[in-house]
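Colleague: I'd like to learn how to read a model like this one, feature by feature. Could you walk me through it?

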Amino acid sequence: MGKALIIGAGGVAGVVVHKCCQVPDVFEEICIASRTVSKCDALKEKLDGGRTKIQTAQVDADNVEELVELINKFQPDIVINVALPYQDLTIMDACLATGVDYVDTANYEPLDEAKFEYSWQWAYRERFEKAGITALLGSGFDPGVTGVFSAHALKHHFDEIHTIDIVDANAGDHGYPFATNFNPEINIREITANGSYFENGEFIETEPLSIKRVYDLPEIGPKDVYLLHHEELESLALNITGIKKIRFWMTFSENYLNHLKVLENIGMTSIEPIIFEGKEIVPLQFLKAILPDPSSLGPRTVGKTNIGCIFQGIKDGEEKTYYVYNVCDHQECYAEVGSQAISYTTGVPAMIGAMLVMTGKWKNPGVHNIEEFNPDPFMEALNKYGLPWQESFNPELID
């Protein structure tokens with residue numbers, strides 16, 4: 001079918017590479033590119049020899065000229081961006097310059113400001129449309145599968161959806177006193193930012209982690225869930241018919257939050273540069289350097305994740321509730337691809353989104369969020385490629 005350029009070489013990229021190699025009829029050739037080419041070479045060494053041909057390259061994803069040069073050299077049909085969110089715009093610029101389709105898993109945020117929203121990427125819509133290329137934004141799990149779940153619910157179960165509660169639960173245990181399951185810098189910026197939810201046409205901001213509930217999740221049990229701001233709230237508020245309220249909830253243990261509060265109190269989560277021994281450093285980037293690498297957590301993480309969406313709305317004039325979710329086992333993910341479930345649940349949807357664009361099922365020039373596409377082929381692929389979904393028509397609701 002074609003060629004994919006995968007930018008990034010962290011835990012999620014490792015899953016994407018594994019999954020692309022499981023679909024060689026679509027991904028005939030891939031190139032893994034990163035600033036640290038040794039990480040790309042290590043992935044190639046693990047997976048080389050199959051039907052998918054693999055090559056590696058060094059690239060600075062902040063540098064549009066380098067990206068354009070690499071794209072022109074490799075001639076991919078699509079670029080799968082699993083680098084840092086700060087690099088979304090440079091990679092989109094390179095795709096525009098070369099006329100190549102684009103997929104990512106998280107929206108852009110500036111390096112010097114803990115603020116993530118779609119406005120910067122939505123500003124590319126007209127240019128991508130004129131260039132005849134597709135940008136698929138947010139093809140991870142959340143955002144990503146949560147948007148597909150919402151499109152699926154609206155297409156098959158509701159005439160109008162009035163409320164969506166997205167619940168992201170991780171009941172895994174890696175045995176460390178404190179570690180993050182994905183990039184510590186991105187994770188901590190997200191959690192320490194103000195929360196928000198959408199209600200009756202406006203976003204209501206809340207203090208960080210100030211709203212807590214307890215929710216009993218299938219196969220995991222009761223967990224503390226905290227309200228956060230999350231990027232899919234912004235696009236779902238526009239794209240889901242009749243929506244009145246959307247909230248995003250994530251689980252955290254008391255131990256995790258106690259460690260985070262201490263780090264915050266002593267300034268280690270700050271993104272304001274300081275001078276240390278004559279050099280300028282960012283405390284949060286230093287903290288990232290000394291915390292366990294999330295890609296190393298796979299062999300020691302046990303337990304499961306449960307991520308899903310609880311819907312309330314109207315069907316044929318009657319009130320209706322619906323819950324669709326995926327449960328993923330950390331050790332089963334590690335046995336398959338050498339990664340814990342957090343990277344797995346992001347990397348699998350990235351491959352599926354790229355596959356649907358490459359095969360033409362989701363080819364649509366412009367810049368689009370995932371819930372704008374037909375959810376059916378994606379839902380089918382989730383079951384086929386390792387993230388089977390389950391559903392309930394009488395779920396417990398969050399007050």
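Colleague: Let's start with a proline. In which loop is Pro143 found?

Modeller: Keep in mind that this is a predicted model. Pro143 sits in the loop between strand E6 (134-137) and helix H7 (145-156). Look at the peptide bond leading into Pro143 from Asp142: it is cis, with omega near 10°.

Colleague: Now the overall picture. How many helices and strands does the protein have?

Modeller: The count comes to 14 helices and 18 strands. To judge how compact that is, set the radius of gyration against the globule rule: the protein has 20 Å, close to the 21 Å the rule gives for 399 residues, so it is as compact as a globular protein of that length. The C-alpha trace spans about 55 × 55 × 40 Å along its principal axes.

Colleague: And what percentage of the residues is buried?

Modeller: Buried here is under 20% relative accessible area. By that cut-off, 56% of the 399 residues are buried. As for the surface, about 16,500 Å² is exposed, and carbon and sulfur atoms supply 47% of that.

Colleague: How do I read the contacts along the chain?

Modeller: Take the contacts between residues at least 6 apart in sequence: 72% of them join residues at least 24 apart.

Colleague: What about charge? How far apart are the mean positions of the positive and negative charges?

Modeller: There are 31 positive and 59 negative charges, and their mean positions are 4 Å apart.

Colleague: Let's zoom in on one helix. Why is H8 described as largely enclosed?

Modeller: For a helix, go through its residues and ask which are buried. In H8 (residues 184-192), eight of the nine are, so the helix is largely enclosed by the rest of the structure. The buried ones are Pro184, Glu185, Ile186, Asn187, Ile188, Arg189, Glu190 and Ile191.

Colleague: Which elements cover those buried residues of H8?

Modeller: The cover includes two strands, E11 (221-228) and E12 (245-251), along with helices H10 (254-265) and H11 (283-290). Check the helix end as well: Asn183 caps the N-terminal end of H8, with a side-chain oxygen 2.9 Å from the backbone nitrogen of Glu185.

Colleague: Is there a loop residue that touches H8, and is Thr269 buried or exposed?

Modeller: Thr269 is buried, at 11% relative accessibility. Its place is the loop between H10 and E13. Beyond its neighbours within four places in sequence, Thr269 contacts Ile188, Leu260, Leu263, Glu264 and Leu284, and Ile188 is one of the buried residues of H8.

Colleague: Next, backbone angles. Which loop holds Gln75?

Modeller: The one between helix H3 (64-74) and strand E4 (78-81). When you scan phi, flag positive values in residues other than glycine: Gln75 has phi near 55°. Gln75 counts as exposed at 52% relative accessibility.

Colleague: And where is Glu277?

Modeller: Glu277 is in the loop between strand E13 (274-276) and strand E14 (279-281). Its phi is near 50°, again positive in a residue other than glycine. Glu277 is exposed, with a relative accessible area of 71%.

Colleague: To finish, a strand residue. Is Ile32 buried or exposed?

Modeller: Ile32 is buried, with a relative accessible area of 0%, and belongs to strand E2 (residues 27-34). To see what surrounds it, leave out residues up to four places away in sequence: Ile32 then touches Ile6, Gly8, Val17, Cys40, Leu43, Lys44, Ile54, Gln55, Thr56 and Ala57. Val17 lies 15 residues away along the chain, and its C-alpha is 7.9 Å from that of Ile32.

Technical notes:
Residues numbered from 1 in each chain as written. Predicted model: local features only at pLDDT ≥ 70, side-chain atom pairs only at ≥ 80, totals over all residues. Heavy atoms only, no water. Helix = DSSP H or I, 4+ residues; strand = E, 2+ residues; numbered from the N terminus. Rg over C-alpha atoms; globule rule 2.2 N^0.38 Å. Buried < 20%, exposed > 50% of the residue type's maximum accessible area, 1.4 Å probe, protein only. Contact = heavy atoms within 4.5 Å. Areas by Shrake-Rupley, 256 points an atom, 1.4 Å probe, with all protein chains shown as cover. Lys, Arg positive; Asp, Glu negative; His and termini not counted. Charge placed at Lys NZ, Arg CZ, Asp CG, Glu CD. Polar contact = N/O pair within 3.5 Å; in protein donor to acceptor, adjacent residues only side chain to side chain.
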